[in-house]
Amino acid sequence: MTAQLNADGDVAVLVPAAGSGVRLGPGAPKALRLLAGEPLLVHAVRRVAAAPSVRTIVVAAPAAELAAVRELLAPVAPVIVVAGGAERQDSVAAALAVVPADVAIVLVHDAARALAPPELVESVAAAVRSGHPAVIPALPVVDTIKEVDPAPGGSEIVLGTVDRTVLRGVQTPQGFRHEVLAAAHRAAPAAHTDDAGMVEKAGIPVVCVPGSELALKITRPLDLVIAEALLPLA
Ligand code: CTP
Ligand code: MG
């Protein structure tokens, strides 16, 4: 495999970047939208490539943008670019399919979390290396969370207040033993909103490490404003 960073690294990072960014509003696919003059994907890949454990980066790009994405990333880092799929899970599967068999640890990292620092990549990878089959970065939930009865067409009725001390907001990169993520994808029973969800379903323990506020997911227009303000810290 040619597209290598650190040849001694034991980590491949899959970067799903094939979403359209509906919630961000009209424009280019989200991973190609600009933050301080550079596409979100460039910000994300640059930070992943700065993590010393990373040997290989695989980007799942919008099928219509493969050539553009290869050109965009050529000066940033050596990457493999594949076509993503209809759902995030399909994009992750397409990227996973080209990871060399001898890579021990696979991380999955949203291009939309463009400012996630290299230190977070390293801490997730280190926790997998230390023996955990699946590791996710997580932060405490700050809002009070209510459970509601979402009555169609009517007002939502509050059923109760959830104990937020046991809740966590989950980020990426999420890290796995290579064989654990591969097995979860082979089983892939239903759509999951994150990769650890598939692994949990298989009964494999998933552990949390501290997340980073810099790893916020750029989802709505306000998130771009916040990310721009965070750039000097990232
Ligand atoms: N993603 C992907 N393939 C898809 C859908 C999403 O690779 N079919 C990627 C996105 O590019 C993003 C990450 O998964 O980096 C997280 O998804 P999300 O934040 O939901 O991005 P979008 O799907 O692009 O946004 P939206 O849901 O608002 O359309
Ligand atoms: Mg989406």
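Gln89 sits in helix α3, residues 88-96, and in this predicted model its contacts beyond the neighbours within four places in sequence are His185, Ala188, Ala190, Ala191, His192 and Met198. With a relative accessibility of 14%, Gln89 falls below the 20% limit and so counts as buried. Gln89 has company in that respect: Ser91, Val92, Ala95 and Leu96 of α3 are buried as well. Viewed down the helix axis, these buried residues lie within an arc of 160 degrees, so they line one face of α3. What does that buried set pack against? The partners are the strands β1 (11-16), β4 (54-61), β5 (80-83) and β6 (105-108), together with the helices α5 (178-187) and α6 (195-201).

Helix α7, residues 221-230, makes a good companion to look at next. Its buried residues are Asp223, Leu224, Ala227 and Leu230. Because they cover an arc of only 125 degrees around the axis, they are on the same side of α7. That buried set packs against β2 and α1 (40-49). On the face turned away from the buried side are the exposed residues Leu222, Val225 and Ala229. Val225 has a relative accessibility of 54%, which is over the 50% limit, so Val225 counts as exposed. Leu222 and Val225 also join Ile226 in a nonpolar surface patch, whose accessible area is about 280 Å² together.

Now to the interior. The largest nonpolar core contains 30 residues, and Leu41 and Val59 have the most contacts inside it. At least two residues of this core come from each of β1, α1, β4, α2 (66-73), β6 and α4 (118-129). Helix α4 gives the largest share, five residues. Leaving aside neighbours within four places in sequence, Leu41 touches Val15, Ala17, Ala31, Val59, Val69, Leu73 and Ala111. Another core lies apart from this one; it has 23 residues, including Ala3, Val82, Val99 and Val180.

Salt bridges come next, and the model has seven of them. Three are set out here.

| Salt bridge | N to O distance |
|---|---|
| Asp10 and Arg129 | 2.8 Å |
| Asp110 and Arg88 | 2.9 Å |
| Asp110 and Arg113 | 3.6 Å |

The bridge between Asp10 and Arg129 links distant parts of the chain, 119 residues apart: Asp10 is in the segment before β1, and Arg129 is in helix α4. Asp10 counts as partly exposed at 21% relative accessibility, and Arg129 is also partly exposed, at 39%.

Asp110 and Arg88 are 22 residues apart, and their bridge likewise links distant parts of the chain, from the loop between β6 and α4 to helix α3. Asp110 is buried, with a relative accessible area of 10%, whereas Arg88 is partly exposed at 25%. Arg113 is buried too, with a relative accessible area of 10%. Which residues are joined into one network by salt bridges that share partners? They are Arg88, Asp110, Arg113 and Asp195.

Two backbone details round off the picture. Most residues other than glycine have a negative phi, and most peptide bonds are trans. Ala36 is not glycine, yet its phi is positive, near 50 degrees. Ala36 lies in the loop between β2 (34-35) and β3 (38-39) and is partly exposed, at 45% relative accessibility. The peptide bond joining Thr172 and Pro173 is cis, with omega about 5 degrees. Pro173 belongs to the loop between β10 (168-170) and β11 (174-177).

How values were computed: Residues numbered from 1 in each chain as written. Chains lettered and ligands numbered in written order. Predicted model: local features only at pLDDT ≥ 70, side-chain atom pairs only at ≥ 80, totals over all residues. Heavy atoms only, no water. Helix = DSSP H or I, 4+ residues; strand = E, 2+ residues; numbered from the N terminus. Buried < 20%, exposed > 50% of the residue type's maximum accessible area, 1.4 Å probe, protein only. Arc of directions from axis to C-beta. Contact = heavy atoms within 4.5 Å. Patch = residues over 30% accessible without salt bridge, like charges linked within 9 Å, V, L, I, M, F, W, Y side chains within 5 Å. Areas by Shrake-Rupley, 256 points an atom, 1.4 Å probe, with all protein chains shown as cover. Salt bridge = Lys/Arg side-chain N within 4 Å of Asp/Glu carboxyl O. Core = buried A, V, L, I, M, F, W, Y, C linked by side-chain atoms within 4.5 Å.
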